[in-house]
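Me: Here is a model I would like to go through with you. Shall we take it piece by piece?

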Number of protein chains: 2
Amino acid sequence: MVSEPDSWSLHPQLARDTLPAGDMSLCQLRLMNDANFPWLLLVPRRQNAIEITDLTETDQAQLMREVAQTARALKASTACDKINVAAIGNVVSQLHVHVVARFRSDAAWPKPVWGFAPACAYEDPAREQFVIALRRQLNLASQG
Amino acid sequence: MVSEPDSWSLHPQLARDTLPAGDMSLCQLRLMNDANFPWLLLVPRRQNAIEITDLTETDQAQLMREVAQTARALKASTACDKINVAAIGNVVSQLHVHVVARFRSDAAWPKPVWGFAPACAYEDPAREQFVIALRRQLNLASQG
C-alpha cells in the first residue's frame, strides 16, 4: 500500500479545499481554506493510503508525532480551548488527518466542525498571518 | 499530566454511554451502546489527560498502536467500508478516541456519526456477539 513519496500526489478535492502550509517529514501540512475555524490537515505523502492501517508501523508512529507537533503548534498559536483530531475520509478517501482548534465561543461548539457550515474562504492577510505564526511554532522553513 | 493507572477512573458520562469490551496495554476498550454503528472508544488509563499531547511520547506511540489494532479488528469483524478515528472531547474532556466502522449503507453516511441521531441501545445478544467477535480479533482474554 505504501510507495515512495515521489509517486504521491494530493487528491484534487483536498487541493481545492486547502492551502499549502509546509512539509513535515511524513505529511504535507495544509490549511483548510475556512476562516470559521483554525483547521489544518496532515496528509501523509504515501500513495494509496486510505486507512491509518495502510501505513507501515514506522509511518504510523511518525504520523502520531506529526499530529502531536501540529496540535501543540496550533494550540500555541491560537490559545484555543480544545484540539479536535480526526481521520474520517468518507468523502475524500486519501488518508488525511484533521487537526482543528476549537473555542467554546466558536459557531459549532460543542459539535464537530464537519458538515457544520459552508467554508468561508480566508482573506489574504489573515491567512498569511496565521500560516506564518503556525510555521514559526513548527520551526518550518518559509514556504518555497 | 500523567499518573499511574491505579489513580485513573472512567468519566461518569463515558461509563453511562459505553460498555466495557476489554483492556489493552494503555487503553480501556469500550463499546458505545449504540446499535446504529459499530463504534468503539479507546480511553487511555491516564488521569487528567485531555489532549493527545497530555500523554508522554511513549504513551502517544502506544495509543497509535492500539488505535491501529482496534481499527484492524473492527474492520475484520464488520467488513466495513471505512474506519473513522477521532479524538474530539468537546463534551466529555477525558481523552478518548473514537474508532467507528462505517458503511456506505449506514444511516449517516457520508457524514460523521457524532450528533447524528440519538443512540439506540443494543439488544443483549447482538452486543455480546459483537464483543466476542471483536475480542477474538484482538486476542483479548474474555472479560473478567
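Reply: This is a predicted model: local features need pLDDT of at least 70, side-chain atom pairs count only at pLDDT 80 or more, and totals for chains, interfaces and linings use all residues. Residues are numbered from 1 along each chain as its sequence is written, with chains lettered from A and ligands numbered from 1 in the order in which they are written.

Me: What does helix α2 of chain A reach from its first C-alpha to its last?

Reply: Helices (H or I, at least four residues) and strands (E, at least two) are DSSP runs, numbered from the N terminus. Helix α2(A) covers residues 57–78, 22 residues. The expected span is 1.5 Å times one less than the number of residues. That gives 32 Å, and the helix comes close to it, reaching 31 Å.

Me: Which element of chain B helps cover the buried residues of α2(A)?

Reply: Buried means 20 or more other C-beta atoms within 10 Å of a residue's own (exposed: 12 or fewer; partly exposed: in between), with C-beta atoms placed from the backbone. The buried residues of α2(A) include A:Leu63, A:Val67 and A:Leu74. Contact means C-beta atoms, placed from the backbone, within 7 Å. The cover includes β2, β3, β4, β5 and α3 of chain A, and from chain B, α2.

Me: How are the two copies related?

Reply: Copies are superposed by least squares on C-alpha atoms of residues with pLDDT of at least 70 in both. A turn of 180° and a shift of 0.0 Å along the axis lay chain B on chain A with an RMSD of 0.0 Å. The copies are thus related as by a two-fold rotation axis.

Me: Which strands stand at the edges of the sheet?

Reply: Strands pair if DSSP finds at least two bridges between them. Here 10 strands form an open, antiparallel sheet, in the order β1(A)-β2(A)-β3(A)-β5(A)-β4(A)-β4(B)-β5(B)-β3(B)-β2(B)-β1(B). Each edge strand has a single partner, so one side of it is left without a neighbour in the sheet; these strands are β1(A) and β1(B).

Me: Over how many bridges do β4(A) and β4(B) pair?

Reply: A:Ala87 stands opposite B:Val85 in β4(B). The two strands pair in the antiparallel sense, and the number of bridges is 3.

Me: Which element gives the largest share of the side of chain B that touches chain A?

Reply: The contact takes 27 residues from chain B and 27 residues from chain A. On the side of chain B, the elements giving two or more residues are α2 and β4. The largest share, 7 residues, comes from α2(B).

How values were computed
Contact = placed C-beta atoms within 7 Å.
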